[in-house]
Amino acid sequence: MAERSTAAVDVADNGGDEPLAAQAAKATSDGVDTQNGRAADGPMPDKDGERTKAAPAAAPEPHSGHKLARRYRLEECVTRVDGFSSWRAMDEKLRRAVGVHLMPADHARARSVLAAARSSALLGDPRFVQVLDAVEENDLVYVVHEWLPDATELTAVLAAGPLEPHEAYQLVSQVSQAMAAAHREGLAHLRLTPSAILRTSTGQYRIRGLAVNAALRGITSETPQRADTEAIGALLYAALTQRWPYESDAYGLTGLPKGVGLIAPDQVRAGVHRGLGELAMRALANDGATASRQEPACTSPEELAKAVAAMPRIRPPEPAFTAPPEYQHTTYQQGSYGRPTPPGSATAQVRPVPPPPPPLQSRTGRALKWGVAALLIAALGLGSWQLADALLEHGTQKGNSGTNNTKTGTQDNPKQSEPGKALPIQDVSVLGGSVQPLQAPRTIDNNPETAWITKEYYNYPDFGRLEQENNGSGIIVDLGELKNVTGLDIDMYAPGQTVEVLAAAADATHPGTVGAFTQRLTELKRAEKKLQATFDTPVRTRYVLIHVTELPPSGGGYRGGISEIKVLGPA
């Protein structure tokens, strides 16, 4: 039997006493909303959608240690239900954890799962957990996605208590904007539950399972925008009240009292932010009509995002500072340590401590002060003279030679040596492998109209603070063998990117992180549309990294990239 986490045992081991549909109804998770070995606590109400039943299919029998495509090593089965299984795996090529959904190729939903995964991968929005691969081989269909070990499910966050108003505002704002962007591309989630929302260490919310979760479970809807909007409303309601806005308990949250219908959040819990509570009611459906008291219902994520934007901004709570306790002298400092307290006296007598005499007030002290001052003045004068002489000498040498080891940009010296010819490039890859890896070959196709273009990131220019491991991203150039590099000629996708160029040591093999590139070719600075550099002394290397750490503004976010890369060698 394959390994699995304890949270998924009840899902996977029902023993055949009940049919698969009954097991799925009792499962705590569908295997899609599962990470770090933890499953969701209950099913999402299928109010606006239909669940298609899977045709009988032979379940795959993968096991821990099994490899897919000689790359993804399965490590832990987190759940197995409804004809598919979900695993935590290791990408041995990039040495990172990934998630894998696995099902037989003859499964009734295999084709729809592949189509959903490929559509989701094309969106390329960093607010969603990215699909990295979707493959059919050896009678298996598997979908590989990001694994975020440092992120926390909203289910676990709400288990500790309701969110503060500012945090709940960030939740509904980020999720509604992300889903509005997805629906503009024709993609729906249809299973937007607390276990599908992850909060990162930087406070951002990321959504996993876009289109794929519903395809795995066979969930469809005639009104996908309405279904996703109601799901966002349920998330906001749960964040404000720590209660699930339906009669059944789910996701570790207690449901509402039976028979009373949908109750406003401020009637469930005191102190709920009024604007956010009304917004949750506008997003939730109540027998086909809005439960809001005044405003019309929000029927799409786009309308909900606009309603959130129209609200007065909710500021984060001020940090609470406690004043330090007043300093109290000890009995030793008061001069009574070790002395018996006289009978009848309530407190120890405090003797005034005479102030010490002012330092250096004698004749010797005054002479010492003047001597030190004279030495300081002499030292400052000597240092200033030496500094001025060194600067003048440096300026003279620079005026005579006008060159140094590295020349960046356009030089006015007509006698500058030619940078050389372009070296053949064997391969290019994306640093870290997570930012548009399929577009890397566009940087060496000799076509200025194509480029490796990053996703659009929001709030922060440093890749939305999502690429912390390598302090950004970039392109790794493999020259095939050790070469003498004398220059660079790089066309950037857009000006204003903060870039540096590094080279790996001569004995490096397959460097995959910034730390493996130990030779600096250019300084880290903001680049123009074209980045050029020549070196008086050739650099011996096989691997060159164009490292981008910050992106320029683009529309409502930040986006950058690289169009063409030429590494130059001796003429």
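Is Trp 244 buried or exposed in this structure? Select Trp 244 to begin the tour, keeping in mind that this is a predicted model: with a relative accessible area of 0%, Trp 244 is buried.

**The rings around Trp 244**

Keep Trp 244 selected and add Tyr 246 and Tyr 251, since ring pairs link Trp 244, Tyr 246 and Tyr 251 into a cluster. The structure holds four aromatic pairs, and one of them joins Trp 244 to Tyr 246, with 5.8 Å from centre to centre and 55° between the planes, an arrangement that counts as tilted. Both Trp 244 and Tyr 246 are buried. Turn next to Tyr 251, whose ring centre is 5.2 Å from that of Trp 244; the two planes stand at 70°, and the pair is therefore edge-to-face, the cut-off being over 60 degrees. Tyr 251 is buried as well, at a relative accessible area of 1%.

**A charge over a ring**

Now select Arg 127 together with Tyr 458, and orient the view so that the tyrosine ring can be seen from the side. Arg 127 lies over the face of Tyr 458, at 4.3 Å from the ring centre.

**Two helices side by side**

For the next stop, select residues 165-184, which form helix α5, and residues 224-241, which form helix α7; the two pack at an angle of about 170°, and their axes are 10 Å apart. Because angles over 145 degrees count as roughly antiparallel, that is how α5 and α7 run relative to each other. To see the contact itself, show the side chains on both helices: α5 contributes residues including Leu 171, Val 175 and Met 179, while among those from α7 are Asp 228, Ile 232 and Leu 236. Colouring the contact residues by type would give eleven nonpolar, three polar and one charged.

**A serine in helix α3**

Move on to helix α3, residues 110-123, and pick out Ser 120 within that helix. What is Ser 120 in contact with, leaving aside its neighbours within four places in sequence? The partners to select are Val 131, Leu 187 and Leu 210. At 8% relative accessibility, Ser 120 counts as buried.

**The whole chain**

Finally, zoom out and display the chain as a cartoon, where eleven helices and 27 strands can be traced. Of the 571 residues in the chain, 46% are buried. If contacts are restricted to residues at least 6 apart in sequence, 71% of them join residues at least 24 apart.

Methods:
Residues numbered from 1 in each chain as written. Predicted model: local features only at pLDDT ≥ 70, side-chain atom pairs only at ≥ 80, totals over all residues. Heavy atoms only, no water. Axes fitted to C-alpha atoms, helices over the stretch in contact; angles between N-to-C directions. Helix = DSSP H or I, 4+ residues; strand = E, 2+ residues; numbered from the N terminus. Parallel < 35°, antiparallel > 145°, perpendicular 65-115°, else oblique. Contact = heavy atoms within 4.5 Å. Nonpolar A, V, L, I, M, F, W, Y, C, P; charged D, E, K, R; others polar. Phe/Tyr/Trp six-rings, centres within 6.5 Å; stacked < 30°, edge-to-face > 60°. Buried < 20%, exposed > 50% of the residue type's maximum accessible area, 1.4 Å probe, protein only. Lys NZ or Arg CZ within 6 Å of the ring centre and 35° of its normal.
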